[in-house]
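Visitor: I am new to this structure and should be grateful for a close look at a single part of it, namely the nonpolar core. Please also set that part in the context of the whole chain.

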Amino acid sequence: MHATETKATPEFRKTTETFKAGAETLPQRYFVSPAVFAEEQEKVFSKQWVLIGHQSQIAKSGDYFTAEIAGESLIVVRDKRGEIHGFYNVCRHRGSRLIENRDGQLSPAMQCPYHAWTYALDGRLIGAPHMDETQGFNKADYSLHPVNLELWEGFLFVNLADASARHGGQAARGGYRSLEEWFAPLAGKFSRWNLPSLRSAKRIEYEVCANWKLIFQNYSECYHCLGVHPELSKISPHDSAENDLTEGPFLGGFMRIAKGRSLTMSGHTCALPVGDFGDEDFRFVFYYSIFPNMLLSLHPDYVMVHQLLPQSSERTLIFCNWFFHPEAFERDDFNPEDAIQFWDMINRQDWHVCELSQQGISSRVYEPGPYSARESIPAAWDDYYLQQMS
């Protein structure tokens, strides 16, 4: 898509980056094998912190949404006290799915559609018809199963791993760590964008016939931008990218924006700045990939987030959200569609070449090809991915 070969503004210290000579793309099986996909679901998506949404999606008490991670359906809900909870979408009676809708309002409680067991928004069982007749039954023993859910910069992440695993040495091997521990290398890095307070103006869902790793690799280089994204390259030069995060689960950096321009259809800013940026900082857009399913694009006037949900070895569902300053929504000059239409165009260009890649990689003649020096971040992403799969 776009990101990075980086130097940083004063707040974003450049990391010395060396390209590993001889780096090649991954073997075919990593893109087409159902067995590898199943292994990823177990080793990556079942054991690491996975993005599922933003706190603005559940702004009021009773607001909820459901999400599916590694084959598990989850409920995320805000209770009467304003606290956010995550639960497995499984009734404690006979295992029925509690909620079928993607989102909505649950106030004042959750009720199973099968036998009407009813749960408070904090997960406590508060109603179980005729169970008083069952000897030894205690409602306190049948709360909904919680899932590890925490917030980072306003974004909601879940981890399906057993939190007790951290005491068995799993953390050192990529197992359970608290979200604070996981994001410690990024502490304060994005504070200027005021991410927790932003509001989404729109979400577009894309279904891409390509492996999820191809989406990450495409996002992480601009080697392709001049040919695939001519509209983007006119505003943000394809060779202006520099990186400040060059290894591990967090990768990326910035690209320059032409003076007086914005990444919109009109080329002009479409909203209030999301943070307090100086004139110089208004000329950069930052792109970061956060393993395993978040792409974070930080613009001066909006923030774009891609959430990847792998569906199979050859199909990926992507939710793309555009976030703006909450006060922008009250202004007459607010024009979010200017940014949304621009990136919808760029997104579709990217998804097309990712699908072409998937088709070519599926050929019997495919073999790994060499990365160029402009693809150091995809090569680093592959290294981290392979560590998690080993």
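Guide: The model shown is a predicted one. A remark on charge may come first: the chain carries 36 positive and 50 negative charges, and the mean positions of these two groups lie 1 Å apart.

Let us turn to the interior. The largest nonpolar core contains 101 residues, and the members that touch the most others are Trp-152, Val-303, Trp-322 and Trp-343. Helix 7, which runs over residues 336-361, makes the greatest contribution to this core, giving 8 residues. A second core stands separate from it and holds 18 residues, among them Phe-87, Cys-112, Tyr-119 and Leu-144. As a general background, nonpolar side chains in soluble globular proteins tend to be buried together.

The chain around these cores may now be described. Its secondary structure comprises 8 helices and 17 strands. Of its 390 residues, 54% are buried. Among contacts with a separation of 6 or more, 71% are between residues 24 or more positions apart. The radius of gyration is 22 Å, which agrees with the value near 21 Å that a compact globule of 390 residues would have. Along the principal axes, the C-alpha trace spans about 70 × 55 × 35 Å. The accessible surface amounts to about 17400 Å², and carbon and sulfur atoms account for 47% of that area.

Several loops deserve attention for their backbone geometry. Most peptide bonds are trans, and most residues other than glycine have a negative phi. The bond from Ser-107 to Pro-108, however, is cis, with omega near 5 degrees. Pro-108 sits in the loop that links strand 5 (103-105) and strand 6 (110-111). Phe-291 and Pro-292 are likewise joined by a cis peptide bond, with omega about 5 degrees, and Pro-292 belongs to the loop between strand 14 (284-290) and strand 15 (294-298).

Two residues that are not glycine have a positive phi. For Ala-70 the angle is near 50 degrees; this residue is placed in the loop between strand 2 (63-69) and strand 3 (72-78). Ala-70 has a relative accessible area of 25%, and is therefore partly exposed. For His-130, phi is about 70 degrees, and the residue is found in the loop between strand 8 (125-127) and strand 9 (148-152). The relative accessibility of His-130 is 61%, so this residue counts as exposed, the cut-off being over 50%.

Note on methods. Residues numbered from 1 in each chain as written. Predicted model: local features only at pLDDT ≥ 70, side-chain atom pairs only at ≥ 80, totals over all residues. Heavy atoms only, no water. Core = buried A, V, L, I, M, F, W, Y, C linked by side-chain atoms within 4.5 Å. Buried < 20%, exposed > 50% of the residue type's maximum accessible area, 1.4 Å probe, protein only. Helix = DSSP H or I, 4+ residues; strand = E, 2+ residues; numbered from the N terminus. Rg over C-alpha atoms; globule rule 2.2 N^0.38 Å. Contact = heavy atoms within 4.5 Å. Areas by Shrake-Rupley, 256 points an atom, 1.4 Å probe, with all protein chains shown as cover. Lys, Arg positive; Asp, Glu negative; His and termini not counted. Charge placed at Lys NZ, Arg CZ, Asp CG, Glu CD.
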